[in-house]
Amino acid sequence: MKRILLLISFVCSLQYVLAQTTYTVSGTIKDTTGQTMIGANILLLTGKDTLHTTSNESGRFSFTKVPRPVFTIRVSVMGYETWYREFSYKEGGTPIDLPLVTLTMRTSTLKEVVIKARPSPIIMKEDTIEYRADQYRLRQNAVTEDLLKRLPGMQVDMEGNVTSMGKKITKIRINGKDFMVDDIKTLTRLLPVDLIDKIQLIDDYGDLARATGRKVGEPERIINIQTKADLEKVYQAQMLAGTGNDGRYNAAVLGNYFSEKQQLSINGNKNNISAQVGNVISTTGNINYRGNYSKKFSMNIGAMGGRTTSETESLSTVKTVTTEGTLNSDNTSLNNSRADNYNINLGTEYKPKEGDMLNFNLNVSRNTNSNNSILRAKQTGLQLKDQSSYNSNTGSTPVFLAGMFGSHRFSSLGRVMSLGLYVNNTNNDNLQDGTDSLRYYNTDGTIAKDSLLHQVLDKKNRNLTANTQISYVEPLDSLNSLELRYSLNYNKTDNSQETRWITPDGKINVIDSLSNSYTYTMMQHQMELNFRRSTKKWDYTLGARLQPASLTSLALESGVRATVRSNRLVPVFRIQYKLPKSATLTLSYAGNVIFPTYQQMQPVPDLTNAQFPVIGNPDLKPSFAHSVFFNYRNAGLNTLFIHLSANYTQDKVVTNVSLVKDSFNTVKQETRFLNTDGDYNFRFIYGWSYRINDGKYNLFLDGNSSYNNNILYMDNVRKTGQNLVLTQSFRANMLREWIELTAGAAYTFNRNVYVLAENNITNISTWNLSMNGKVYFLKTLSLGMDLTKQLNSGYSGALNANPLLINGTLENMFFKRKLTTRLQVFNLLDETSRMSQSISGNSVVENRNRLLGRYFMFTLQCDLRMFKGKGK
């Protein structure tokens with residue numbers, strides 16, 4: 001009897017012990033096109049227990065405290081076939097990571113069900129804003145640029161440049177792979193909307209962030225174009241040719257082939273109408289190929305070549321504030337340039353299993369440029385002087401860039417090892433041949449003296465950059481994890497400058513005191529430990545990073561060596577809170593070491609402009625920038641984006657400007673550099689949009705404000721320059737079947753104050769009024785017009801201009817919209833100039849750039865398309 005009781009007690013104890021072992025079950029859900037499934041309903045059934053959860057923005061789900069390793073998973077999403085499967089992990093550990101769950105679209109038709117709600121035009125997915133193309137009203141033959149103009153949070157200017165929340169977008173992807181174009185408008189003005197399923201605006205933090213989930217600093221903003229998933233094969237071609245008066249022309253060709261396993265795109269463009277300012281001739285051509293050779297391996301190849309020649313004429317006034325008085329300069333410049341660019345890119349990606357990845361990228365490019373410029377300047381105020389300069393520059397920059405990144409996810413849930421290696425080698429050769437003719441005047445206007453300087457500057461720069469980073473993530477449980485990260489940044493720069501003076505009789509003299517040869521070597525280590533917790537609502541990362549760094553300079557001729565060291569311990573902080581209806585709040589901090597540039601450290605004068613010599617300081621220390629970012633996003637039928645940032649820089653490298661006597665006993669402005677504290681800035685950006693009547697009417701409000709407290713020195717005396725910029729814009733559009741109309745107004749106030757004297761204040765106000773629209777007649781005929789008016793105040797009287805630009809288009813389509821004829825007029829009123837302002841150090845520069853004159857153009861466009869859907 002005792003043995004039986006002991007046996008019963010042992011069994012009960014064993015059952016109790018086994019009951020304490022629980023399991024964590026996690027997985028990812030996608031559909032057959034690879035899109036993550038958000039909000040999927042997941043049931044886990046084990047014994048008599050039933051657990052329920054939903055998938056997050058990344059398609060991930062997780063169950064904790066699962067009592068048994070044998071269970072059934074059931075997944076259901078409206079519009080997809082219900083998925084279920086039994087699992088047994090008796091031999092595995094407590095963390096259980098399931099294979100990828102793939103859902104299939106339901107093909108059966110639901111009877112007597114009426115769905116009145118339309119899908120949301122915008123979906124938030126972590127760091128991605130996704131716009132559904134079919135939710136925006138567009139006419140047939142519309143291109144990608146037409147769609148981008150309608151998307152909240154994006155702006156497209158008249159030259160085709162795309163910005164989002166104050167940042168210009170320079171990179172574009174198709175189906176997640178980089179598309180090799182020098183300027184994205186090359187593609188956005190040609191690619192038809194018919195191919196597009198979604199436009200994704202991505203905050204890209206890099207490969208390591210994608211592998212670990214930890215994001216550092218400010219991301220690069222990228223547009224990804226997702227093509228329609230129901231298209232098995234796409235053949236598309238577009239050819240365009242236009243000619244106009246005054247020698248204007250435009251020619252372009254685009255060919256695309258898309259299938260599930262291959263993508264091929266070829267395009268070329270040549271025109272002299274792409275820029276509004278100056279006479280610019282642009283020629284580009286590129287080819288992109290992507291092959292998915294298996295579920296594990298894919299390859300992307302791109303080649304690009306282009307040439308841009310430009311002739312620009314501009315007027316400017318420069319107001320330079322000094323302790324001895326103000327220098328005013330009225331400048332006229334004529335610039336001719338040519339730039340040739342060639343680029344070859346190869347990328348491969350290998351994914352042997354879910355969670356493991358290895359990619360390799362190789363980029364080889366060469367950029368050559370030549371530039372001839374003539375500058376005539378008349379200086380008044382503190383000094384009376386005329387300057388006439390001629391400069392001829394030639395340069396060549398070959399670049400070699402290679403990178404490899406790999407990550408491995410261990411069998412234990414969430415344990416990840418990542419390794420990245422990157423090498424970049426850039427050579428830059430520049431030869432400048434310049435002539436300066438100077439004439440000095442007495443106070444009564446008579447000529448005091450004149451001089452002529454002819455010099456040649458031969459500059460060579462060799463730059464090698466290498467970076468390696470390794471990361472190990474150890475999960476503590478299904479919500480918490482630790483990361484140990486190490487990275488090494490290495491940069492070596494070899495610089496040489498030879499200065500030669502040429503006498504009037506052609507004799508060449510090498511000026512040793514103005515020539516130098518230096519090597520700079522920078523090495524920075526980063527050792528970081530951080531903790532991350534990710535729940536349905538909260539995702540935060542906390543930790544610390546140690547950043548020891550050194551910068552060594554070596555004068556090759558004298559052998560003098562100097563080393564500067566920096567050793568910073570900075571916090572790692574990023575917190576994100578997910579509000580209802582896909583809204584998010586993000587607060588983060590970034591600390592970065594900033595090393596002085598080559599020009600700031602070279603100890604000999606750079607006489608690129610002999611009247612403004614620049615002399616570096618080899619004793620400069622690295623700066624350290626503290627940055628705080630706050631972002632709020634709420635996307636849906638109504639959207640709101642808010643960005644706040646603040647930056648404070650310790651030991652910032654600033655200019656020290658002095659007026660020094662030249663050989664004629666007159667003054668020239670000499671710039672040196674030193675370190676100082678007290679430089680900071682704030683920025684506030686917001687964007688709001690409101691859809692009315694299913695997108696037939698839309699309202700947009702955008703604002704961009706910044707305040708900069710700049711430190712500068714004059715004759716070794718510390719001064720402060722304060723700059724305030726306020727910009728506010730409002731747009732409204734109406735998108736109907738027969739008319740598309742957009743009207744807007746933007747106001748910019750720019751205030752600059754130098755704390756030297758009360759009269760050193762500039763206030764520039766600019767109103768930009770715009771209206772563009774298109775009216776459609778008889779289904780194939782349309783009439784369009786663009787109107788922009790700029791109203792300026794605060795500029796100097798010599799440069800004041802308020803241009804009114806009017807462009808018009810008459811368009812007709814034939815042969816089932818395969819052939820389009822277009823008659824256009826640009827700058828109908830033949831306006832001549834456009835105003836702008838820039839601030840540098842103790843100088844305020846006002847520019848008036850010459851615009852393209854009035855011209856007419858007739859264009860023929862042919863569109864050929866053949867789409868083959870799946871199952872057809």
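This is a dialogue on how to read strands, cores and single residues in a predicted model.

Me: What holds the strands of a sheet together?
Reply: Strands of a sheet pair through backbone hydrogen bonds, and the pairing is either parallel or antiparallel. Here is a case: one open sheet has four strands in the order β3-β2-β5-β6, and the pairing is antiparallel.

Me: Which strands stand at the edges of that sheet?
Reply: They are β3 (49-54) and β6 (83-88). Each has a single partner strand, so one side of each is left without a neighbour in the sheet. From one strand to the next, the twist averages 20 degrees.

Me: How many bridges join β2 to β3?
Reply: Six bridges join them, and β2 covers residues 41-46. To follow one bridge in the structure, find Ile-42, whose bridge partner in β3 is Thr-53.

Me: Where do the side chains of a strand point?
Reply: In a regular strand the side chains alternate between the two faces of the sheet.

Me: Which strands make up the open sheet of three?
Reply: The order is β11-β12-β13, with antiparallel pairing. The edge strands are β11 and β13 (167-168), each pairing on one side only. Strand β12 (residues 162-164) is joined to β13 by two bridges. Within this pair, Ser-164 stands opposite Lys-167 of β13.

Me: Now a pair of strands with a turn between them. How many residues lie between β23 and β24 in their hairpin?
Reply: There are six residues between them, and Gly-355 in the turn has a positive phi of about 100 degrees. The strands themselves are β23 (residues 325-350) and β24 (residues 357-381), antiparallel and joined by 24 bridges. One place to look is Arg-338, which has Ser-370 in β24 as its bridge partner.

Me: What comes after β24?
Reply: A hairpin through three residues joins β24 to β25. Strand β25 (residues 385-409) runs antiparallel to β24, with 23 bridges between the two. Met-357 has its bridge partner, Ser-407, in β25.

Me: Where else can I practise reading hairpins?
Reply: Try β31 (residues 538-555) and β32 (residues 561-578), an antiparallel pair with 17 bridges. Ser-553 has Ala-562 in β32 as its bridge partner. Five residues lie between these strands, and Gly-559 in the turn has a positive phi of about 80 degrees. Then go on to β33 (residues 584-594), which pairs with β32 in the antiparallel sense over six bridges. The bridge partner of Lys-578 in β33 is Thr-584. The hairpin of β32 and β33 also has five residues between its strands, and in this turn Lys-581 has a positive phi of about 60 degrees.

Me: Next, the cores. Why look for groups of nonpolar residues?
Reply: In soluble globular proteins, nonpolar side chains tend to be buried together. In this model, the largest nonpolar core has 38 residues.

Me: Which residues of the largest core touch the most other members?
Reply: Tyr-131, Met-154, Ile-199 and Ile-223 do. Leaving aside neighbours within four places in sequence, Tyr-131 is in contact with residues including Pro-121, Ile-122, Leu-151, Met-154, Ile-199, Leu-201 and Phe-641. A second, separate core has 21 residues, among them Val-25, Ala-40, Ile-42 and Phe-71.

Me: Is Asp-203 buried or exposed?
Reply: Asp-203 has a relative accessible area of 9%, and buried means under 20%, so Asp-203 is buried. This residue lies in strand β16 (residues 196-204).

Me: Which residues is Asp-203 in contact with?
Reply: Apart from neighbours within four places in sequence, they are Asp-127, Pro-219, Glu-220, Arg-221 and Arg-633. Two of these contacts can be read through side chains: a polar contact of 3.1 Å joins Asp-203 to Arg-221, and another of 2.5 Å joins Asp-203 to Arg-633.

Me: Where is Lys-149 found?
Reply: Lys-149 is in the loop between α2 (144-148) and β11 (154-156). With a relative accessible area of 36%, Lys-149 falls between the 20% and 50% limits, so the residue is partly exposed.

Me: Which residues does Lys-149 touch?
Reply: Not counting residues up to four places away in sequence, Lys-149 touches Val-156 and Arg-731. For a distance in space, take Lys-149 and Val-162: they are 13 residues apart in sequence and 8.9 Å apart, C-alpha to C-alpha.

Methods:
Residues numbered from 1 in each chain as written. Predicted model: local features only at pLDDT ≥ 70, side-chain atom pairs only at ≥ 80, totals over all residues. Heavy atoms only, no water. Pairing = 2+ DSSP bridges. Axes fitted to C-alpha atoms, helices over the stretch in contact; angles between N-to-C directions. Buried < 20%, exposed > 50% of the residue type's maximum accessible area, 1.4 Å probe, protein only. Contact = heavy atoms within 4.5 Å. Core = buried A, V, L, I, M, F, W, Y, C linked by side-chain atoms within 4.5 Å. Polar contact = N/O pair within 3.5 Å; in protein donor to acceptor, adjacent residues only side chain to side chain.
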